[in-house]
Amino acid sequence: MSVMTRRNWALRLSIVLNICVLLYVCAHFGSWQEEGTNWDTGGAVVPLVSNNIFGSESTQINSSVRTAQEAKATRVTGVDRYDKKNAVTSTIGSEGGTKGADATKTAGKEELEGQANSPLAQPSLSLEDILGCKDKSQEPRKAQRGDYWVLYNYVPMTMAVKCWETLTYTTHADYTFLDNLEPLLERWRAPVSIAMHAPGYDFQTTVDSIKYLRNCGSELVSQLVTFHVYFSSKHVPKVVPTSKDVVNDVYNCSLGPPWANPQNKNKMYKNEKNLLYPVNVGRNIARESAVTHYLLASDIELYPSPELPARFLEMIRRRDQPALLKANPKVFVLSIFEVDEKSSPPRNKTSLLKMLKSGSAIPFHKKVCSACHNIPKSKEWQEAPETEGLHIFHAGKRTGAFIHWEPIFIGTNSDPWYDERLSWEGKSDKMTQGYELCVLDYDFLILDNAFLVHRPGIKSHKKDQKRDMITAKTNLFIKKIIVPELKIMFGVRKGCAV
Ligand SMILES: *[C@@H]1O[C@H](CO)[C@@H](O)[C@H](O)[C@H]1NC(C)=O
Ligand SMILES: *[C@@H]1O[C@H](CO)[C@@H](O)[C@H](O)[C@H]1NC(C)=O
């Protein structure tokens with residue numbers, strides 16, 4: 001081989017090498033650019049693209065991403081303040097995750113990690129989209145409601161809540177029932193809307209009790225409980241302080257809970273004046289004022305199984321229960337139990353089933369009115385072991401053996417209301433609602449792993465002549481006045497009765 005040809009080969013080789021180097025550089029330049037795009041929107045601004053025409057836009061994206069993330073951080077911290085395991089936290093957490101996905105998609109680093117781990121999340125609707133609800137004001141306001149004055153949102157909860165984020169437990173009480181509030185909150189850990197009946201001088205004790213609870217007990221009370229107060233216009237208290245005064249006033253905690261003070265216990269204005277307890281006025285006020293789409297309208301002595309709000313919303317978000325797809329209106333029914341005085345209420349179905357076996361727990365009102373609370377497929381429910389999450393156990397109707405059923409359920413403010421002419425003393429106070437639900441062909445979807453437990457102590461039937469008289473009068477009133485009315489207003493359906 002001549003020197004000439006050798007040089008020729010060297011030249012050709014160097015050209016090939018040059019091309020290789022060029023290709024290598026090009027390839028890497030390309031990928032730098034790509035990474036640059038990612039960093040660009042991720043927050044670390046890359047000098048390479050400083051004169052990029054997207055420069056100004058990317059700055060905008062940066063700031064909006066940051067605001068979204070900051071906002072998220074603030075909310076979650078705000079919630080963390082009281083408890084990490086809180087139901088509100090977990091709903092905010094999971095929802096924030098889906099909603100935040102849009103923001104994080106542009107935030108390079110996180111997306112790279114996301115891609116490395118799994119394909120992008122399945123396209124699923126957020127709860128916000130599924131529920132399409134409107135947020136409600138929590139501003140205090142005074143209004144009349146029939147014969148009653150109502151102080152709506154008299155003492156509002158401090159937590160800001162979106163209507164799709166969690167559930168509200170709505171209930172009614174007078175101050176003698178307020179010792180239930182903390183044990184209830186400890187399990188529920190989500191908003192509570194409570195309407196307090198407070199005529200005459202019961203008003204002052206009620207306000208003191210609210211102040212005591214907010215100043216001297218669990219932080220959950222001021223964070224999650226909204227108090228409404230109402231009284232008949234014939235029994236207006238002497239003084240009604242402003243909302244602000246009640247919220248800002250401090251309370252001398254060493255005085256103890258006002259409801260436990262023997263003087264307040266034995267000398268209620270309501271009893272002195274022989275007033276009936278307008279249970280359904282309270283129920284409707286509390287329900288109507290709930291700021292969330294879903295709510296559990298209950299009695300304050302019924303404590304829910306823990307983590308119910310988060311588990312319930314997760315079931316709604318999953319949309320994998322066939323019973324949810326049916327067109328009928330629906331409510332989500334909870335099974336109710338009682339435990340004896342010595343036992344503490346079970347925290348999950350597994351321990352509930354053990355207690356039922358041993359006899360330390362029984363179905364609610366088994367000894368008072370088993371027909372009122374007996375639930376379709378209750379035997380099967382009590383035989384089915386606990387599973388993960390929450391599902392529909394059975395879809396029932398308020399007919400046949402359950403024609404007088406007074407279920408407690410998770411529903412919405414579109415469901416029928418409670419008849420405000422009925423009192424607690426007269427009983428049957430939820431029967432007219434039951435009739436309406438039946439005529440409107442509601443499905444009663446029974447939840448599998450959630451339940452309510454009455455505060456410890458099993459109720460037995462006590463003879464009360466005065467109450468029996470009121471009950472008899474009420475039954476006549478329902479039969480003669482209310483039933484004909486309901487037939488006109490809602491129609492009739494075979495198998496439905498009050
Ligand atoms: C709080 O109440 C206790 C018990 O009645 C009393 O001894 C104490 O002086 C009160 N404290 C204040 C600051 O009023
Ligand atoms: C149910 O509650 C009991 C008692 O509180 C507890 O020991 C048990 O681990 C719980 N079971 C489940 C599945 O969470």
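Across this predicted model, the chain averages a pLDDT of 82, and 75% of the residues score at least 70. Residues 29–122 are a stretch to treat with care: the pLDDT there is below 50, although the stretch has 81 contacts in the model beyond near neighbours in sequence. Where pLDDT is low, the predicted coordinates should not be read in detail.

A good place to begin is the interior. The largest nonpolar core holds 65 residues, and the members that touch the most others are Leu 181, Phe 227, Phe 312, Phe 332 and Ile 410. Apart from this core lies another, of 20 residues, including Phe 337, Val 339, Phe 409 and Ile 446. Leaving out residues up to four places away in sequence, Leu 181 touches Val 192, Leu 213, Val 225, Phe 227 and Ile 300.

Two of those partners, Val 225 and Phe 227, lead directly to strand β5. This strand spans residues 225–232, and eight of its eight residues are buried. In a regular strand the side chains alternate between the two faces of the sheet. In β5 both faces are covered, with Val 225, Phe 227, Val 229 and Phe 231 buried on one side and Thr 226, His 228, Tyr 230 and Ser 232 buried on the other. Strand β5 is also joined to two other strands. Strand β2 (residues 148–155) runs antiparallel to β5 and is joined to it by five bridges; here Val 150 has Tyr 230 as its bridge partner. Strand β4 (residues 192–197) runs parallel to β5, with six bridges between them, and Val 192 is partnered by Val 225.

Thr 226 gives a closer view of this strand. It sits in β5 and counts as buried because its relative accessibility is 3%, under the 20% cut-off. A polar atom of the Thr 226 side chain lies 3.1 Å from the backbone nitrogen of Met 157. Beyond neighbours within four places in sequence, Thr 226 is in contact with Gln 138, Asn 153, Val 155, Pro 156, Met 157, Val 192, Ser 193 and Ile 194.

Among the helices, α18 is worth a visit. It covers residues 431–439, and nine of its nine residues are buried. Polar names appear among them too: Thr 432, Gln 433 and Glu 436 are buried in α18, as are Met 431, Gly 434, Tyr 435, Leu 437, Cys 438 and Val 439. An α-helix has 3.6 residues a turn, so residues three or four places apart point the same way. The buried residues of α18 pack against α12 (279–288), β11 (409–411), β12 (443–454) and α19 (465–490). Just after the helix, Asp 441 takes a positive phi of about 60°.

Aromatic rings offer a further view, with 14 aromatic pairs in the structure. Tyr 201 and Tyr 269 form an edge-to-face pair, 5.2 Å centre to centre with 85° between the planes. This pair links distant parts of the chain, 68 residues apart: Tyr 201 lies in the loop between β4 and α7 (202–216), and Tyr 269 in helix α11 (residues 269–272). Tyr 201 is partly exposed, at a relative accessible area of 40%, whereas Tyr 269 is buried, at 12%. The ring centres of Trp 405 and Phe 444 are 5.2 Å apart and their planes are at 40°, so this pair is tilted. Here the partners are 39 residues apart, with Trp 405 in the loop between β10 (392–396) and β11 and Phe 444 in strand β12. Both Trp 405 and Phe 444 are buried. Finally, Phe 231 belongs to one aromatic cluster with Tyr 154 and Phe 203.

Technical notes:
Residues numbered from 1 in each chain as written. Chains lettered and ligands numbered in written order. Predicted model: local features only at pLDDT ≥ 70, side-chain atom pairs only at ≥ 80, totals over all residues. Heavy atoms only, no water. Core = buried A, V, L, I, M, F, W, Y, C linked by side-chain atoms within 4.5 Å. Buried < 20%, exposed > 50% of the residue type's maximum accessible area, 1.4 Å probe, protein only. Contact = heavy atoms within 4.5 Å. Helix = DSSP H or I, 4+ residues; strand = E, 2+ residues; numbered from the N terminus. Pairing = 2+ DSSP bridges. Polar contact = N/O pair within 3.5 Å; in protein donor to acceptor, adjacent residues only side chain to side chain. pLDDT = per-residue confidence, 0-100. Phe/Tyr/Trp six-rings, centres within 6.5 Å; stacked < 30°, edge-to-face > 60°.
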